[in-house]
Amino acid sequence: MTPPRRGASENQRALQEAIKELIVRRGLAPGSLLPTETELMAELSVSRHPLREAIKALQALGIVDIRHGLGTYVGTPSFSPLEAGLTFHSHLSLRGDLRDIGDLVQIREVLETGLVRQVLALVDDADFDTLETAVAAMEREAADGRYSPEADWLFHKTLYEPLRNELISDLLRVFWSVFDKVNAELPRTVETPQVAAAAHRNILNALRDGDGQVLAAAMADHFNDIRERISRVPRR
């Protein structure tokens, strides 16, 4: 019996999987040079055009890195495609049912509330000087009615550094960055910068005191304020 013919899109997906399997099978690390185009065509029994399409698709996912004039390399981990997609859908969400932006905030809260307890266990490694600098900067800006995104991210970035987990840091940066891009479109009052600064001050004070329950509650309060602002967005 003749097997059913696969469509072009299915063939393309299979080819992309074959390239990924080749990378794994050969033990190629991020930054390693892939075989040449001619070698890949021979090994994968594929023509130039579909191979180039597959390589471009894998480049968009960050799996490979095309360096013109040098060759194609195994890509380094990147959340750029995730960030771009979340940003797009969050902007759409603000003009719709708000579900996606609400889901994003929920994910951030779950991650940060859980992770901050782990930070407490490593509190001796916490960089309190930088955390204080970030909060103080937010408070100064808030006194003039301004919000400081740079100080906000510095606080969250520094807060989780004792975990020594770059994946967590990169993932949190994506969620924070996406929210920051839509933050300006959320309703705010003259007190919004002060509320944000106070929330970060409470988190820092609870970390200094070493009280896990108060720390988790302070982090939850931070996200309660964000949810309150989202709730004020007019439904369309």
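The largest nonpolar core in this predicted model has 35 residues, and the members that touch the most others are Ile 101, Phe 155, Leu 159, Tyr 160, Phe 179 and Leu 207. Six helices, α5 (99–121), α6 (128–143), α7 (149–159), α8 (166–183), α9 (192–209) and α10 (212–231), each put in at least two residues. Helix α5 gives the largest share, with seven. There's also a second, separate core, made of 15 residues, and Leu 15, Leu 22, Val 46 and Val 64 are among them.

**Around the largest core**

- As background, nonpolar side chains in soluble globular proteins tend to be buried together.
- Tyr 160 is a good place to start looking. Leaving out residues up to four places away in sequence, Tyr 160 touches Glu 112, Leu 115, Val 116, Val 119, Leu 172 and Met 219.
- One of those partners, Leu 115, sits in helix α5. With a relative accessible area of 8%, Leu 115 falls under the 20% cut-off, so it counts as buried.
- Leu 115 has its own set of contacts: beyond its neighbours within four places in sequence, it meets Tyr 160, Leu 163, Ile 168 and Leu 172.
- For a sense of how the chain folds back here, try Leu 115 and Leu 159: they are 44 residues apart in sequence, and their C-alpha atoms are 9.6 Å apart in space.

**Where α4 meets α5**

- Helix α4 (residues 80–94) packs against α5 at an angle of about 125°, and the two axes are 6 Å apart. That angle makes α4 oblique to α5.
- On the α4 side, the contact uses Leu 86, His 89, Ser 90, Ser 93 and Leu 94. On the α5 side, Arg 99, Asp 100, Ile 101 and Leu 104 take part.
- Sorted by class, this contact between α4 and α5 has four nonpolar, three polar and two charged residues.
- Ile 101 turns up twice in this story: it belongs to the α4–α5 contact, and it is one of the residues touching the most other members of the largest core.

**The aromatic pair**

- Searching the whole structure turns up one aromatic pair.
- Two numbers describe a pair of aromatic rings: the distance of the centres and the angle of the planes.
- In this case the rings belong to Trp 153 and Trp 176, with centres 5.6 Å apart and planes at 40°, so the pair counts as tilted.
- The pair links distant parts of the chain, with Trp 153 in helix α7 and Trp 176 in helix α8, 23 residues apart.
- Both of these Trp residues are buried.

**The loop between α7 and α8**

- Arg 164 lies in the loop between α7 and α8, and its phi is positive, about 55°, although it is not a glycine.
- Arg 164 has a relative accessible area of 63%, which is over the 50% cut-off, so this residue is exposed.
- Glu 161 lies in the loop between α7 and α8 too. At 34% relative accessibility, Glu 161 counts as partly exposed.
- Glu 161 and Ala 126 are 35 residues apart along the chain, yet their C-alpha atoms are separated by 7.4 Å.

**From α1 to α3**

- Gln 12 belongs to helix α1 (residues 8–25). Its relative accessible area is 13%, so Gln 12 is buried.
- Not counting residues up to four places away in sequence, Gln 12 touches Pro 50, Glu 53 and Ala 54.
- Leu 40 lies in helix α2, and at 4% relative accessibility it counts as buried.
- With residues up to four places away set aside, Leu 40 touches Leu 22, Pro 35, Ser 45, Val 46 and Leu 51. Two of these, Leu 22 and Val 46, are included in the second core.
- Leu 40 and Glu 166 are 126 residues apart along the chain, and 33 Å separates their C-alpha atoms.
- Ser 45, in the loop between α2 (37–44) and α3 (48–60), has a phi near 55°, a positive value in a residue other than glycine.
- Ser 45 is exposed, with a relative accessible area of 67%, whereas Leu 40, which it touches, is buried.

Methods: Residues numbered from 1 in each chain as written. Predicted model: local features only at pLDDT ≥ 70, side-chain atom pairs only at ≥ 80, totals over all residues. Heavy atoms only, no water. Core = buried A, V, L, I, M, F, W, Y, C linked by side-chain atoms within 4.5 Å. Buried < 20%, exposed > 50% of the residue type's maximum accessible area, 1.4 Å probe, protein only. Helix = DSSP H or I, 4+ residues; strand = E, 2+ residues; numbered from the N terminus. Contact = heavy atoms within 4.5 Å. Axes fitted to C-alpha atoms, helices over the stretch in contact; angles between N-to-C directions. Parallel < 35°, antiparallel > 145°, perpendicular 65-115°, else oblique. Nonpolar A, V, L, I, M, F, W, Y, C, P; charged D, E, K, R; others polar. Phe/Tyr/Trp six-rings, centres within 6.5 Å; stacked < 30°, edge-to-face > 60°.
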